[in-house]
Amino acid sequence: MADCVVCGEPVPVSDACPHCAEPACATHRAPAAHDCPGVESDSARWYTDPDAGREGATGGMPLSDPRRLAVGVVAALLVAVVVAALLAVGSPAADAGVDPDRTAALVVEEVNDARTERGLAPLARNDSLARVAGAHSADMAARGYVNHTAPNGSSVADRYERFGIDCFGSENIYYTPNGALLVDERTVAERVVSAWLASPGHRETLLGNYTRQGIGVAVDDDGGVYVTQNVC
């Protein structure tokens, strides 16, 4: 037996999610119901179209391509959404009591644990990078978008310049609409880093040859959780 990754209910090991191998009970078996990190690598039909939002594509929710900008390799992650009825009951992150500052601190820990487990140096927390990341997460939450480029055209390079950061850096972003299902800040942090590691572009940024990082977390009125990682 194993414990459901969301609610802790005992479930047979054979009930593990086929996309991420996490144990999940019947209530939380759907990919979005346990915030499945396998979304980036699984092409199953219920996931968001990876070309959605790009020129010439139709349907789905927008994703941003990994791309090289003035500040380096940039990657975005949007956790896919299935039918709304499969999402959690109740109000998302608000009910779960997810605290953005604590979540950000725990993401820093999870990132560094992932790096040290692989023989890499941890990333020092940098206040300037944390301000950049926090501002971008807050802006995405306030204006309801998930992208490296803000609606006003502001880019990652623009944000680095505005905050006086001069380096060849990178950015990862993450969004999930169902924060309540993640239970607490530690679980949110674990799922964010697990999802980044499962995606080659995000993994490259997370495990890259950098020395500093800043993490910013914001929660919107509907409980959606936005996370930004900026590194130098």
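**Helix 2, the nonpolar cores and long-range links in the predicted model**

At 1.5 Å a residue, the 18 residues of helix 2 (residues 100-117) should span 26 Å, and the distance of 25 Å between its end C-alpha atoms agrees with this expectation. The model analysed here is a predicted one. At the start of helix 2, a side-chain oxygen of D99 comes to within 3.3 Å of the backbone nitrogen of D101. Just after helix 2, G119 adopts a positive phi of about 75 degrees. Within helix 2, the buried residues are T103, A104, L106, V107, V108, E110, V111, N112, A114 and R115. The cover over these buried residues includes helix 5 (185-198), helix 6 (200-206), strand 7 (212-219) and strand 8.

The protein as a whole contains six helices and eight strands. Their order along the sequence is β-β-β-β-α-α-β-α-α-β-α-α-β-β. Of its 232 residues, 53% count as buried. Contacts between residues at least 6 apart in sequence were also examined; among these, 64% join residues at least 24 apart.

The largest nonpolar core comprises 24 residues, and those with the most contacts inside it are V107, V111, V193, W196, L206, I215 and V227. Two of these residues, V107 and V111, appear among the buried residues of helix 2. Two or more residues are given to this core by each of helix 2, helix 5, strand 7 and strand 8. The greatest contribution is that of helix 5, with seven residues. A second core, separate from the largest, has nine residues, including M140, A141, V146 and Y226.

Y226 also takes part in the one aromatic pair that the structure holds. The ring centres of Y175 and Y226 lie 4.6 Å apart with their planes at 40 degrees; the pair is therefore classed as tilted, given that planes under 30 degrees apart count as stacked and those over 60 as edge-to-face. Distant parts of the chain are linked by this pair, with Y175 in strand 6 (residues 170-176) and Y226 in strand 8 (residues 225-231), 51 residues apart. Both tyrosines, Y175 and Y226, are buried.

Strand 6 also contains S170. The relative accessibility of S170 is 0%, so this residue counts as buried. The side chains of S170 and Y210 are joined by a polar contact of 2.4 Å.

A search of the whole structure finds one disulfide. The disulfide joins C167 to C232, with an S to S distance of 1.8 Å. The angle about the S-S bond is -55 degrees, and the link of C167 and C232 is left-handed. This pair, too, links distant parts of the chain: C167 lies in the loop between helix 4 (156-162) and strand 6, whereas C232 lies in the segment after strand 8, 65 residues apart. Both C167 and C232 are buried. Two further cysteines were assessed for accessibility. C7 has a relative accessibility of 42% and therefore counts as partly exposed, whereas C25, at 2%, counts as buried.

Conventions: Residues are numbered from 1 along each chain as its sequence is written. This is a predicted model: local features need pLDDT of at least 70, side-chain atom pairs count only at pLDDT 80 or more; totals for chains, interfaces and linings use all residues. Side-chain values use heavy atoms; hydrogens and water are left out. Rings of Phe, Tyr and Trp (its six-membered ring) pair if their centres lie within 6.5 Å; planes under 30 degrees apart count as stacked, over 60 as edge-to-face and the rest as tilted. Helices (H or I, at least four residues) and strands (E, at least two) are DSSP runs, numbered from the N terminus. Buried means under 20% relative accessible area, exposed over 50%, partly exposed in between (1.4 Å probe, protein chains only). The expected span of a helix is 1.5 Å times one less than its number of residues. Contact means heavy atoms within 4.5 Å. A polar contact is a pair of N or O atoms within 3.5 Å; within protein, one must be able to donate a hydrogen and the other to accept it, and residues adjacent in sequence count only if both atoms are side-chain atoms. A disulfide is a pair of cysteine sulfur atoms within 2.5 Å. A nonpolar core is a set of buried Ala, Val, Leu, Ile, Met, Phe, Trp, Tyr and Cys residues joined through side-chain atoms within 4.5 Å.
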